[in-house]
Amino acid sequence: MALRVALIGTGNAGRIALRGLITNPAYELTGVWVATTAKVGRDAGELAGLDVRTGIAATDDFDAIIEAKPEAAVYCAMGDTRLPGAIRDVCRLLAAGINVIGTAPGVLQYPWGVIPDKFIAPIEDAARQGNSSVYVNGVDPGFVTDLVPLAFTSTCAHIEQVRCLEIADYATYDGAEVIFDVMGFGNSLDEVPMLLQPGILSVAWGATIRELAAGLGVTLEAITDSCEREPAPEAFDIAAGHIPQGGVAALKFEINGIVGGKPLIVVEHVTRLRSDLRPDWAQPAQPGGSYRVVITGEPSYTVDICPTSRHGDHNYAAIAAGVGRVVNAIPAVVAAPAGIVTTLDLPLVSGPAVIAATGDPGTEDNQH
């Protein structure tokens, strides 16, 4: 029997999630919540970019989503710039008995030690009240920073360092709020954007650092972070808008989990708006962008992960990967005990296999 699922948010991630919920027979769509008035009343199939009518009209009434009584809600609303509001949304859903599987808020990937206990307690209380669970994941933070490194370190006799990298050109990413407001691209180097405010990097990726530490069975002494920015040599345009000469056009940051006085767990991001900027920084394994997990130990590994998609470039593929991780986890989260669930708690989650009618798995017309 199909699981009844609602979607919260139809931005870059939400649109892809909506497509998955509509086309996967394991799910029955019960409602779609949208943040913009222009989307209210539009059919879910249209919002997903599909040539189908679902009969589910988008709404900005959160109560209506709850009143439809879904078993789960996929939460893809913005969480980076409205963390208190996102947590309130999650608590409302959990208290109503609705399991939450989301791409945000990211701190819920593994909140213990990242945010104060007084903010965790209401989430756990709501989950107990509704006998429901919440799981937040994605690609990075997400499976590249928890599932993949833990799978490879499971083969090691000893581990000296685990480094997880995202190396990407964001020129085609059209999320203006993330590009300009959160990451500060296009701004003067004198300005400090939200992401680079003191302590924010260590919170934003602290959840994945602490989750990896728990998975590796180590106790962190500290979490530190650092960043470096590169100005644009001349003005140019990207999908999200205009980058003036001298505005930030490349960004590199690191978050380190310190054990024994050394960085045992490292998350590194190299984000460019042009591929020719800072050639001395890490380069992707494929044009545009890739992920890399480097394990130093016995044995050591370098694992390059190169997302691609039939529907878009590397940025689209990365978003699709993170969304796929969440959508495919719905049944496991619904079956999980009440509370905050992490990758350490779930069984191995995989996507639905599709057998092509021609026997050729590469024939797009036979994919569903």
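Thr271 has its place in strand 11, which covers residues 262–272. The model described here is a predicted one, and this threonine is a handy starting point for a walk through it. Thr271 counts as buried because its relative accessible area is 0%, under the 20% cut-off for that word. Leaving out residues up to four places away in sequence, Thr271 touches Glu166, Ala168, Tyr170, Met183, Phe185, Ala249, Ala250 and Leu251. Leu201, by comparison, is 70 residues from Thr271 along the chain, and the C-alpha atoms of these two residues are separated by 15 Å.

One of the residues touched by Thr271 is Ala250, which sits in strand 10 (residues 248–259). Is Ala250 buried or exposed? Ala250 counts as buried, since its relative accessibility is 0%. With residues up to four places away in sequence again not counted, Ala250 touches Phe185, Glu228, Arg229, Glu230, Thr271, Arg272, Leu277 and Trp281. Phe185 thus appears in the contact list of Thr271 and also in that of Ala250. Between Ala250 and Thr54, which are 196 residues apart along the chain, the C-alpha separation is 42 Å.

The strands that hold these two residues are themselves partners. Strand 10 and strand 11 run antiparallel and are joined by 10 bridges. Within this pair, Ile255 stands opposite Val267 of strand 11. As a reminder, strands of a sheet pair through backbone hydrogen bonds, either parallel or antiparallel.

Both strands belong to an open sheet of 6 strands, with the order 7-10-11-6-12-13 and mixed pairing. At the edges are strand 7 (222–231) and strand 13, each of which pairs on one side only. From one strand to the next, the twist averages 10 degrees. At one end of the order, strand 12 (residues 289–298) pairs with strand 13 (residues 301–305) in the antiparallel sense, over 5 bridges. The two are joined by a hairpin through 2 residues. Ile295 has Tyr301, in strand 13, as its bridge partner. Helix 9, made of residues 206–216, lies across strand 6 (158–169), strand 7, strand 10 and strand 11. Relative to strand 11, helix 9 runs at about 145 degrees.

A second sheet can be followed in the same way. It is an open sheet of 6 strands in the order 2-1-3-4-5-14, and its pairing is parallel. Its edge strands are strand 2 (27–33) and strand 14 (339–341), each pairing on one side only. Neighbouring strands of this sheet are turned against each other by 20 degrees on average, direction ignored. Strand 3 (residues 72–75) and strand 4 (residues 99–102) run parallel and are joined by 4 bridges. In this pairing, Tyr75 stands opposite Gly102 in strand 4. Helix 4 (residues 83–95) lies across strand 3, strand 4 and strand 5 (133–136), and runs at about 170 degrees to strand 3.

Which residues does Thr30 contact, leaving aside its neighbours within four places in sequence? They are Arg4, Val5, Ala6, Ile56, Ala68 and Pro70. Thr30 is found in strand 2, an edge strand of this sheet. Thr30 is nevertheless buried, as its relative accessible area is 13%.

The cysteines invite a question of their own: how many disulfides does a search of the whole structure find? The search finds 0. Cys91 is in no disulfide, and its nearest cysteine sulfur, that of Cys76, is 18 Å away. For Cys164, the closest cysteine sulfur is in Cys156, 13 Å away, and therefore too far for a bond. A pair would have to lie within 2.5 Å to count as a disulfide. Both cysteines can also be described by their accessibility: Cys91 counts as buried at 15% relative accessibility, and Cys164 is buried with a relative accessible area of 0%.

Stepping back to the chain, the domain assignment gives domain 1 (3–136 + 320–340) and domain 2 (147–306). Taken over C-alpha atoms, the centres of the two domains are separated by 26 Å. Their contact takes 12 residues from domain 1 and 15 residues from domain 2. Between them, domain 1 and domain 2 bury about 1100 Å², with 61% of it on carbon and sulfur atoms.

How values were computed: Residues numbered from 1 in each chain as written. Predicted model: local features only at pLDDT ≥ 70, side-chain atom pairs only at ≥ 80, totals over all residues. Heavy atoms only, no water. Pairing = 2+ DSSP bridges. Axes fitted to C-alpha atoms, helices over the stretch in contact; angles between N-to-C directions. Contact = heavy atoms within 4.5 Å. Buried < 20%, exposed > 50% of the residue type's maximum accessible area, 1.4 Å probe, protein only. Domains from an automatic or database assignment. Buried area = accessible area lost by both parts, 1.4 Å probe.
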